[in-house]
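Trainee: Please give me a close look at a single part of this model, the largest pocket. Take it slowly, and explain each term once.

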Amino acid sequence: MRDRDKSKEELVAEITQLRREMHELKIVHEQYMKTQDQLRESEERFRSLFNSSMDGILLTHISGNVVAANPAVCKMLGQTEEELCRVGRLGIIEVNDERTYHALEERNCTGKFLCELSFVHKDGTPIPVEVSSNVFRDQNNREFASLFVRDIRDRKRYEQEMQRLDRLNIIGQMAAGIGHEVRNPLTTVRGFLQMLSQKPKCSDYKEYLKLMIEELDRANLIITEFLSVAKSSSETMEMIDLNKLIKSISPLIQSDAYRQNNFFLFEEGKIQPIQANAKELRQVILNLSQNGLEAMSSGKTLKISTYMREEKVVLSVQDQGCGIDKNILDKIGTPFLTTKDHGTGLGLAVCYGIARRHNATIEVETSPQGTTFFIEFSGAICYQ
Ligand SMILES: Nc1ncnc2c1ncn2[C@@H]1O[C@H](COP(=O)(O)OP(=O)(O)OP(=O)(O)O)[C@@H](O)[C@H]1O
Ligand SMILES: [Mg+2]
C-alpha cells in the first residue's frame, strides 16, 4: 500500500512505531558507547597497573615467547620490551638452573608455580627473583602465562648478612669462653720460656726457646684478633678525617706494593669527617690492602678511593687480582676461612667486626679481573 492510500490513523501508528524503534536504537547506541567507555577505562586502569607496578610483569605464550613486558621487568633486566619479546624465555631465565625446569614442570601439572629463580640481566649478571606464574585462557580460548617477578637481591643480601651475624654471634660466645682460658696458660708458658732462655745452662737451646716464644706470641696475636671479631663496641670513637688517616698509612702500603712490583694509588675524594676509631680503621685498610696485594701478580695496581654516595662516606679498596672464588664469597668474613698456606683467615672477619661496630656496611664486587671492597659509613657522619 502506498503512503498516500494509508489512513491518517495508520500513518500516525507507523510514525509512533518508528519513533519507538528510533528511541530504542538510541538507547542501545548509548549503552554501546557507555560500554566502550567502560572498556577503555578498564583497559587504561589495567594498563597503568601494568606500567606502574614495582614488580616485574611478563605475559608469555606457554612456549616461552614474550608477548608483553612491563617497565619494571625491562628495568630489572636492562632490556626494552621489544628486546624481551625477541629473546623470549631463554634470554631471560638462567637456563642451567634446575629450579627453572622444576617450576615449568609444576606449571604444566597444576597451571601455576611460585618459587625463587635466577633471571639474567642483559650484561650477564644473575638476578635472584621470586616468580609467581599462572596459566589462563583469553576470550578466544588461547593459552597464556602471566609471570609476576620480584627482585630479591636486597632480601638475599639481608639473609646472608643475618647468617653471617649468626655465625659471628656463635663465634663471639665461643671466643668469650675460650679466649681467656687459652691465654692464661700461654702467658705462664711464655714466662717460663723467657726465664729458661736467660739461664746459662740452657744457652745451647737459646734459638729454640726464642722460636717457641715467637710462636706463642703469634698464637696470642691470633687470639687477640679472634676476640676483636666478636667485640660489641669500639673503645674510643672520635671525628676522623679518613683521607688524612689513609695518607698516614700510605707509605706502609706503598712499600708492600713496591716489594711485589705493584703500584699503589690513592684517589682522594672530598668527604665529610666520620665518627670512628682510628686504630680500627687503620686495621681495616691494612687488612683489605694486604688481601688485594696478595691476590695480584706483579705489574698491577692497588687503588684506594674515598668519595661520597648519597650523603654517606665510602671507602673502596680495589685490586686487579684473581678475584674471589664463589665458594669463598658466600662465606666471606667467617673466621679462619682462608685459601692461603700461611693465612689465618681472620683478616676479613676482623674487618667485618670493625664495620659492624662502626655501623658501616661492606660490599664486595669481584670478577677474574679484580676485586673491590666498598665500606659505606652509614649512621656515623657528623655534619660540620
Ligand atoms: N682481594 C681479594 N682477592 C682475592 N681473594 C680474596 C681477597 N680478599 C680476600 N680473599 C679471599 O678470602 C680469604 C679470607 O681472607 P682473610 O683476609 O680473612 O684471610 P687471609 O688473607 O687468608 O688470612 P689473614 O688472616 O692473614 O688475613 C682469603 O684467603 C682469600 O681466599
Ligand atoms: Mg687477609
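Mentor: What follows goes from the pocket to its lining, and then to the sheet that shares elements with the lining. This is a predicted model, in which local features need pLDDT of at least 70 and side-chain atom pairs count only at pLDDT 80 or more, while totals for chains, interfaces and linings use all residues. Residues are numbered from 1 along each chain as its sequence is written, chains are lettered from A and ligands numbered from 1 in the order in which they are written, and side-chain values use heavy atoms, without hydrogens and water.

The largest pocket has a volume of about 1600 Å³. A pocket here is an open set of points on a 1 Å grid over the protein atoms alone, with protein on both sides within 12 Å along at least five of seven lines; the points are joined across faces, edges and corners, and the volume is the space filled by probe spheres (1.4 Å) set on them. Lining residues, those with an atom within 4 Å of a point, number 34, and Arg 153, Arg 157, Gln 160, Leu 329 and Val 364 are the closest to the centre.

Two or more lining residues come from each of β4 (126-137), α5 (153-197), α9 (326-330), α10 (347-357) and β11 (360-367). Helices (H or I, at least four residues) and strands (E, at least two) are DSSP runs, numbered from the N terminus. α5 gives the largest share, 13 residues. By class, the lining has 13 nonpolar, seven polar and 14 charged residues; Ala, Val, Leu, Ile, Met, Phe, Trp, Tyr, Cys and Pro count as nonpolar, Asp, Glu, Lys and Arg as charged, and the others, Gly among them, as polar.

Now follow β11 into its sheet. This open sheet has five strands in the order β7-β9-β10-β12-β11, with mixed pairing; two strands pair if DSSP finds at least two bridges between them. β11 and β7 (263-267) stand at the edges, each with a single partner strand, so one side of each has no neighbour in the sheet. From one strand to the next the twist averages 15°, with axes fitted to C-alpha atoms (for helices, over the stretch in contact) and angles running from 0 to 180 degrees between N-to-C directions. At the β7 edge, five bridges join that strand to β9 (301-309), and the two run parallel. α10, which also helps line the pocket, packs on the sheet, touching β11 and β12 (heavy atoms within 4.5 Å). The direction of α10 makes about 140° with that of β11.
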